[in-house]
Amino acid sequence: MRSPLLTATLSVLLVCMIGWLLVVGRSLILPFVIALIVWYMINSLAHVFAHIPLGRWRLPRLVSFSLALLTIFFASTVVLDIVTVNLTQLALDAPTYQRRLEELFNQASTQLHLNDPIELKDLLPDSIVPRMVTAGASLVTTLAGSASLVFIYVLFLVLEQSTFDRKFERLFPSPERAEAAFAMRAEINRSIMHYFSIKTAVSVATGVLTSLVLIAIGLPYAALFGFIAFLLNYIPTIGSLIGVIFPSLLAVVYYDTLGPFIAIATGLGLIQFTIGNLVEPRLMGSNLNLSGLVIMLSLAFWGAIWGVVGMVLCVPLTVMIVIVCARFEGSRPIAILLSQTGEVGGLSGKTGTTG
């Protein structure tokens with residue numbers, strides 16, 4: 001009989017090896033992960049189009065899939081163009097904003113009668129603002145450059161998706177195990193669909209409201225900050241905070257008074273608080289069943305491995321881990337520890353055996 005200590009040691013070594021492979025193979029794995037997300041979005045949107053009531057008719061599968069493909073392609077192109085234009089203009093204006101920020105530090109030092117005036121370089125590295133904007137622009141350029149590779153992955157996923165179920169079924173020696181595996185996959189799909197559908201809806205609402213507030217006050221780059229708020233809303237806890245800080249800091253250096261800064265910080269703060277603490281929890285419910293501490297640890301872990309993409313995916317990846325671990329007797333304690341309530345459902349029949 002295998003020693004529990006040996007089993008634990010081998011498990012730790014396996015986790016460390018997988019983590020190392022995820023870090024080392026980041027440049028190869030991330031485009032494929034993004035392609036999987038796009039492929040999943042296409043199929044989900046096609047499912048929605050296929051169930052739109054048109055009297056007694058429904059859209060054929062081919063038509064709904066084509067509409068979903070065109071919708072995502074058009075939306076991605078428009079958003080990428082808007083973000084690229086705004087980032088390019090912000091990169092040109094960044095030195096002006098940095099000089100303005102230095103003037104504000106000098107004014108504050110004079111009013112406080114400080115012997116050693118506060119300088120921007122004391123708080124941030126030299127030329128940090130232009131470099132941050134340039135880094136953001138290079139990120140968008142990199143994403144656009146890897147779009148061709150992502151497109152190729154998506155194309156092959158679309159072409160071969162009709163064979164996925166047949167291959168998946170033949171991975172298992174008996175129909176019972178295959179049925180249990182399909183049930184587990186369906187549960188994962190339901191949880192992720194529930195999470196992403198609600199998260200996308202509230203993220204779109206957050207981005208649109210952020211842009212409208214900034215347009216009403218007159219702050220430039222409203223579309224860019226709306227997109228940033230939309231994207232950061234997928235990042236638990238810290239995303240909403242960063243979404244308020246960026247435009248508020250720009251308001252400090254763009255306007256000569258603190259009135260617009262207070263209005264922007266208050267308005268965006270109310271939007272984030274209302275959607276993040278009142279609307280989203282009611283819509284999301286307790287379906288995810290994840291501990292708050294686990295979400296923060298998952299955010300740090302996946303963020304360290306895959307950066308922003310890892311932060312966006314940390315919740316669905318953790319949900320998948322909980323669902324899979326709950327189905328096997330040996331890994332069930334892991335699912336219980338990761339869950340919020342300790343209730344992770346029953347073991348599956350044949351797949352629950354550990355051999």
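In the predicted model, the side chain of Asn 86 approaches the backbone oxygen of Ile 82 to 2.7 Å. Asn 86 belongs to helix H3, which spans residues 61-111. With a relative accessibility of 14%, Asn 86 falls below the 20% cut-off and is therefore classed as buried. When residues up to four places away in sequence are set aside, Asn 86 is in contact with Tyr 221, Ala 223 and Leu 224.

These three partners of Asn 86 fall in a stretch, residues 200-228, that the unreviewed UniProt entry annotates as a transmembrane region. Over residues 200-228 the chain is 86% helix and 0% strand, yet the C-alpha atoms at the two ends are separated by 13 Å. For residues 234-254, another span carrying the transmembrane annotation in the UniProt record, the helix content is 81% and the strand content 0%, with the end C-alpha atoms 28 Å apart. The remaining spans annotated in that record are residues 5-23, 29-50, 62-83, 132-159, 261-279 and 299-326.

Helix H8 covers residues 175-217. Its 43 residues extend 62 Å from the first C-alpha to the last, close to the 63 Å expected at 1.5 Å a residue. Immediately after H8, Gly 218 adopts a positive phi of about 100°. Gly 218 thus lies within the annotated span 200-228.

Side chains of opposite charge can pair when their charged atoms come close. The structure contains 2 salt bridges, and helix H8 contributes a residue to each of the pairs described here. In one, Asp 165 is joined to Arg 185, with 2.9 Å between the closest N and O atoms. This pair connects distant parts of the chain, since Asp 165 is located in helix H7 (residues 164-169) and Arg 185 in helix H8, 20 residues apart. Asp 165 is partly exposed because its relative accessibility is 40%, and Arg 185, with a relative accessible area of 36%, is likewise partly exposed.

The other salt bridge is formed by the side chains of Glu 280 and Lys 199, at an N to O distance of 2.8 Å. Here too, distant parts of the chain are linked: Glu 280 is found in helix H11 (residues 259-284) and Lys 199 in helix H8, with their positions 81 residues apart in the numbering. Glu 280 counts as buried on account of its 11% relative accessibility, and Lys 199 is buried at a relative accessible area of 8%.

Aromatic side chains were examined across the whole structure, giving 11 aromatic pairs. Among them, Phe 32 and Tyr 153 pair edge-to-face, with ring centres 5.5 Å apart and an angle of 90° between the planes. Phe 32 lies in helix H2 (residues 26-50) and Tyr 153 in helix H6 (residues 147-160), so that the pair bridges distant parts of the chain, 121 residues apart. Phe 32 is partly exposed, at 36% relative accessible area, as is Tyr 153, at 27%.

Phe 230 and Tyr 234 also form an edge-to-face pair, with 5.6 Å from centre to centre and 90° between the planes. Phe 230 is partly exposed, its relative accessible area being 24%, whereas Tyr 234 is buried at 8% relative accessibility. Both residues belong to one aromatic cluster, which also includes Tyr 195, Phe 196 and Phe 227.

Key:
Residues are numbered from 1 along each chain as its sequence is written. This is a predicted model: local features need pLDDT of at least 70, side-chain atom pairs count only at pLDDT 80 or more; totals for chains, interfaces and linings use all residues. Side-chain values use heavy atoms; hydrogens and water are left out. A salt bridge is a side-chain nitrogen of Lys or Arg within 4 Å of a carboxyl oxygen of Asp or Glu. Helices (H or I, at least four residues) and strands (E, at least two) are DSSP runs, numbered from the N terminus. Buried means under 20% relative accessible area, exposed over 50%, partly exposed in between (1.4 Å probe, protein chains only). UniProt positions are given in the numbering used here, feature names are shortened, and annotations may be inferred rather than shown by experiment. The expected span of a helix is 1.5 Å times one less than its number of residues. A polar contact is a pair of N or O atoms within 3.5 Å; within protein, one must be able to donate a hydrogen and the other to accept it, and residues adjacent in sequence count only if both atoms are side-chain atoms. Contact means heavy atoms within 4.5 Å. Rings of Phe, Tyr and Trp (its six-membered ring) pair if their centres lie within 6.5 Å; planes under 30 degrees apart count as stacked, over 60 as edge-to-face and the rest as tilted.
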